[in-house]
Amino acid sequence: MLEAHVLASGSDGNCCVIECDGEAVMIDCGLSCRRIMSLMDQAGVDSSMIKAILVTHEHGDHISGAQATARKLDVPIMTNLATFEASGFSNVKYVPVDPSKSFEVGSMKVTPLPTSHDAVDPHCYFTETDQGNVVIATDTGKMNFQIAHAISLSDIAIVESNYDIQMLRDGPYPLILQKRIRGEYGHMSNVDCARTLRDHMKPGATVFLAHLSKNNNLPDVARQTVSDISGIDRRKIDCMEFQCDIRTLKKRALPSHGAGLTMTAFSILTRASAMTFGMVITSSLDSS
């Protein structure tokens, strides 16, 4: 069975475990090792299944617990070299990732997808398994065709819905920070997320709204906005409701669409255009 366990999602920390047939991969680890181990226990995740920790970018809410957790689980951290060096990791197993190529973690096939964010070389990940596909696409100021294509192939789509436009505009953040959040190297709004799902979501996919800002968004506002624009039944849109909430997402029992598309074909698409979307930006952004 394919499951995605969202252990944390937001500016206080991000961590997701994708599990399938006795193997699992952790994507980001932005909480303490002790907290991650506790959340995995609550979610019913056997930590011995974890094969690696994949890191999307070097911001603290994505990596603060990665080094200690990798040591605890005796697994490697996997990310591109620029992100690894910017993260300041040391004394940890490391497997470099070529961001233009797919790679395997156990029986899972993973493709890095470029994101638009203020980090040295940020990427999200599209994961294929024998039971279905998962995309986790957060911390990107704009959508690109690689991520959109991955969403169209995914049975579980975890997509950023960071802020409500009006709440951000009327909130306490100074104008310069608002512009950075709304900019192409910032975050996706509820409207951005809704349009992306409307245009690209695989029919019947499980949808989770990720990285909701605690100051510039509300779960009900995010769900309603996405439902109104995308046409997805509001009751079928999930997200974190409160701090320390966790979610286990499962593939819906519907016929598979596009099953004939292989990772090789997807990888060719990614390799052909990865450099187009590569970003080298060194400032820091956190929409709380």
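Which hand does the crossing of helix 5 and helix 8 have, left or right? I looked it up, and the crossing is right-handed (the near helix is turned clockwise from the far one by less than a right angle; anticlockwise would be left-handed).

Note on the source: this is a predicted model, where local features need pLDDT of at least 70, side-chain atom pairs count only at pLDDT 80 or more, and totals for chains, interfaces and linings use all residues. Residues are numbered from 1 along each chain as its sequence is written, and side-chain values use heavy atoms, with hydrogens and water left out.

**Helix 5 and helix 8**

I found helix 5 at residues 145-153, packing on helix 8 at about 60° with the axes 9 Å apart (axes are lines fitted to C-alpha atoms over the stretch in contact, and angles run from 0 to 180 degrees between N-to-C directions; helices are DSSP runs of H or I, at least four residues, numbered from the N terminus). That makes helix 5 oblique to helix 8 (not under 35, over 145 or 65 to 115 degrees). For contacts (heavy atoms within 4.5 Å), I noted Ala148, Ile151 and Ser152 of helix 5 against Thr196, Leu197 and His200 of helix 8. These split into three nonpolar, three polar and no charged (Ala, Val, Leu, Ile, Met, Phe, Trp, Tyr, Cys and Pro are nonpolar; Asp, Glu, Lys and Arg charged; the others, Gly among them, polar).

**Helix 8 and helix 9**

Next I checked helix 8 (residues 190-200) with helix 9 (residues 219-230): their axes come within 8 Å and cross at roughly 40°. So this pair is oblique, and its crossing is right-handed. The contact residues come out as eight nonpolar, three polar and two charged.

Note on methods: Helices (H or I, at least four residues) and strands (E, at least two) are DSSP runs, numbered from the N terminus.
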